Amino acid sequence: MIEAVRATENDKTVFKLRGSLVAGCAAQLETATTAAGRACAFDFADVTIVNSVGFREWIAFLTRFGVNRSIVFRDCGYPILVMIAMFPAFLGGAVLESILLEVRCVDCRRSAMQRLTAAAYAASGLAAARKPSCDVCKRPGASVTALEEVEDCLDRIAWGREAEPSG
Ligand SMILES: [Zn+2]
């Protein structure tokens, strides 16, 4: 079951997705996105599961929905990033705006989620997720860094149509 809570942000319709992309999600998304405008964003922060049926339905939905629309993906966590990395059709013609990375303190080992914009990642890679101090333990020199496993995944992603070579 996937919910899509609609909000308006300037000229953009934002759909905050919540739940799982599994069998039946295409119909639920069609209903939730009726009469959406030309510019849309999907926020994936609360999407936890994508299974194989949901994956196929998502691509079918996005292919129809994306006609004559500009779409951005926002706050994609690891399960979504894996999908995009392995199957570029999951992103389709949309632009990846921001991702959510798990970061961990090198000292107390506590982890947290941190947002990274595509622009920040393009400029400095995972270093953009680095913070000089930890909000939890506040120990001197305790820096917070992204888990490196994600780097391989991020390297495989074509970051939306703007990243494609022109001509
Ligand atoms: Zn800490």
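A residue counts as buried if 20 or more other C-beta atoms lie within 10 Å of its own, exposed if 12 or fewer, and partly exposed in between, with C-beta atoms placed from the backbone. Keep in mind that this is a predicted model: local features need pLDDT of at least 70, side-chain atom pairs count only at pLDDT 80 or more, and totals for chains, interfaces and linings use all residues. Residues are numbered from 1 along each chain as its sequence is written.

Start by selecting Met1. Met1 is exposed because it has 11 other C-beta atoms within 10 Å. Leaving aside neighbours within four places in sequence, Met1 is in contact (C-beta atoms, placed from the backbone, within 7 Å) with Gly19, Ser20 and Gln28. Now add Val50: its C-alpha atom is 11 Å from that of Met1, though the two are 49 residues apart along the chain.

Next, head for the largest nonpolar core (buried Ala, Val, Leu, Ile, Met, Phe, Trp, Tyr and Cys residues joined through C-beta atoms within 7 Å). Of its 39 residues, pick out Phe42, Phe44, Phe73, Cys76, Ile80 and Ile84, which touch the most other members. Strand β3 (residues 39-50) gives the core its largest share, five residues. Click on Cys76 and, not counting residues up to four places away in sequence, you'll find Phe44, Leu81, Ile84, Leu96, Ile99 and Leu100 touching it.

Last stop: the open three-stranded sheet, ordered β7-β6-β8 with antiparallel pairing (strands pair if DSSP finds at least two bridges between them). Color β6 (residues 98-105) and β7 to see their seven bridges; one of the residues to try is Glu102, whose bridge partner in β7 is Met113.

Note on methods:
Contact = placed C-beta atoms within 7 Å. Helix = DSSP H or I, 4+ residues; strand = E, 2+ residues; numbered from the N terminus.
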